[in-house]
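The following exercises concern the packing of a protein chain. Each task is followed by a solution in steps.

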Amino acid sequence: MIGNGLKIEAIFMLFPLFVSFFYGSGDHWAFICSSVILAVIGTLLGALKPKYSSFRMRDAYAVAGLAWLLFSFSGTLPYWLSGCFSSFIDCVFESVSGFTTTGASVLTNVEILPKGILFWRSLSQWVGGMGVLLFMMAVMPSLNSSSINILRAETTGPAPDRVVPRIRETARIMYLIYLGMTFVLAVILCFAGLPVFDSIVNAFATAGTGGASTMNASIAAYNNITVEVVITIFMFLFGISFTLYFLLLDRKFSRFVKDSELRLYFGMVVLAIVIVTLNVSGVYGGIFEALRYASFQVSSIVSTTGFSTTDFSLWPTLSQIVLVVLMVVGGCAASTSGGMKQIRVIILIKAAKNEVNKIFHPESVKAVSVNGRNITSDAVSKISLFFFIYFAFFIVAVALISIEGKDILSSVTAVISAISNIGPGLGTVGPASDYAAFSPFSKGVLSFCMIAGRLEFFPILILLTPSAWLNGR
């Protein structure tokens, strides 16, 4: 599995190679060498014959964890060989940030980068948005029905379902929807006035909710209201579960509209836009100008894209708190966004409500129900455990980051940004800044948080559990 994944990554590197040749940016050798290295390693690994062909959950988590670690480290090769970065840890940080769709960067000036490297930054976010393993399931005919465990190990949110009976068809449909939406966005951005290259790169970054831009000032550099509105809408759309888009294609409109997670997601976005708009109206001298910036930043943060059109670290405290809440919660399950996911919030709120009702009616037994389906007590316990692990990772990471003496606002939001795969934070890691000032140790901690957050912790915890490796089948 991992060998085949590395071969797919080698193929993906041919696209920035073509871009490098087309623009004559001079970074083509970095992609040629990287692609050859990965193709050779992938072929050698792919030649190994496994003793067992089925995947249990433990196997799937191990594959997901190892694959994402290797994909991210392999993605450093073009950065390192191109000489665009000052240290290897910076290459690792940038690659991990790309594949996990975090969008945090150590680059102080992205506009001087070669076109091939710029394209690879955004393409890696697009690939990581839906998942490399999911792409493999869409194109590899040899995977069997037990590969649903891999889908569950990689896809964000609790226990994703198949949209059709065959897992390969499920993966293929989700990727076709993903590709189609990306293509539509790129075309619209071209008509909105962006150059073709910028349209494609920004479409990749928006679809993967990664936020890598070709400009130092991000989307603000274009000063194009039409572009901002289009990207605002699409950032919101890519934060919606892709299984819901299948319902639209299947003409099940009522189930789409009545989905509990979608309703909470939409309501939270609207409420946040209203609060932030009113709160920052004095900053921009008018309600319409405030609405322009508030709607873009709310959509960017809740979808964990990380694009910016203004420095929201200078906003009033209330608006910053709203954005931090959105950073933690994130978008919907089975989307390209990060964060804890809206569905988990819904389930825990309903579980808490049931516990309160039991105080008044001790004999009552009422199951947690979402969209007409009962949620088992085991599933509720796992979601509660996920929240505990999230904050445990957060506390430990903040403690480690604080060793180098950064202020608490920067340290806390940098870790939230890494775990929730957002990119910008507040303070010295705001949208107008970068992560270059962090020490190599802190960059390593944040890189680990990005991967753990993207895989929602359990695959990484499996890799760190000795019994998972020592026990037989």
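**Exercise 1. Determine which residues form the contact between helices α15 and α18, and classify that contact.**

Solution. In this predicted model, the α15 side of the contact consists of Ser260, Glu261, Leu264, Tyr265 and Met268. Facing them in α18 are Gln342, Ile343, Val345 and Ile346. Sorted by class, the contact of α15 with α18 comprises 6 nonpolar, 2 polar and 1 charged residues.

**Exercise 2. Describe the relative orientation of α15 and α18.**

Solution. Two packed helices are described by the angle between their axes and the distance between the axes. Helix α15 spans residues 260-284 and helix α18 spans residues 342-360. Their axes lie 9 Å apart, and the packing angle is about 105 degrees. Angles of 65 to 115 degrees count as roughly perpendicular; α15 and α18 are therefore roughly perpendicular to each other.

**Exercise 3. Characterise the largest nonpolar core and the surroundings of leucine 326.**

Solution. In soluble globular proteins, nonpolar side chains tend to be buried together. Here the largest nonpolar core has 139 residues, and Phe242, Leu326 and Tyr435 have the most contacts inside it. The helix that gives the most to this core is α19 (residues 377-401), with 11 residues. Apart from neighbours within four places in sequence, leucine 326 is in contact with Met268, Ala272, Val298, Ile301 and Val302. One of these partners, Met268, also belongs to the α15 side of the contact with α18.

**Exercise 4. Establish whether leucine 446 is buried or exposed, and place it in its environment.**

Solution. Leucine 446 is located in helix α21, which covers residues 440-454. The cut-off for a buried residue is under 20% relative accessible area; leucine 446, at 1% relative accessibility, therefore counts as buried. Beyond its neighbours within four places in sequence, leucine 446 is in contact with Phe93, Ile401, Ala414, Val415, Ala418 and Tyr435. Of these, Tyr435 is one of the residues with the most contacts inside the largest nonpolar core. Serine 402 is 44 residues from leucine 446 in sequence, with a C-alpha to C-alpha separation of 12 Å.

**Exercise 5. Assess the radius of gyration of the protein chain against that of a compact globule.**

Solution. For 473 residues, a compact globule would have a radius of gyration near 23 Å; the protein chain has 22 Å, which agrees. Its C-alpha atoms fill a box of roughly 70 × 65 × 50 Å along the principal axes. The chain contains 23 helices and 2 strands, and buried residues account for 56% of its 473 residues. Among contacts between residues at least 6 apart in sequence, 70% join residues at least 24 apart.

Technical notes:
Residues are numbered from 1 along each chain as its sequence is written. This is a predicted model: local features need pLDDT of at least 70, side-chain atom pairs count only at pLDDT 80 or more; totals for chains, interfaces and linings use all residues. Side-chain values use heavy atoms; hydrogens and water are left out. Axes are lines fitted to C-alpha atoms, for helices over the stretch in contact, and angles run from 0 to 180 degrees between N-to-C directions. Helices (H or I, at least four residues) and strands (E, at least two) are DSSP runs, numbered from the N terminus. Angles under 35 degrees count as roughly parallel, over 145 as roughly antiparallel, 65 to 115 as roughly perpendicular and the rest as oblique. Contact means heavy atoms within 4.5 Å. Ala, Val, Leu, Ile, Met, Phe, Trp, Tyr, Cys and Pro count as nonpolar, Asp, Glu, Lys and Arg as charged, and the others, Gly among them, as polar. A nonpolar core is a set of buried Ala, Val, Leu, Ile, Met, Phe, Trp, Tyr and Cys residues joined through side-chain atoms within 4.5 Å. Buried means under 20% relative accessible area, exposed over 50%, partly exposed in between (1.4 Å probe, protein chains only). The radius of gyration is taken over C-alpha atoms; the globule rule is 2.2 Å times the number of residues to the power 0.38.
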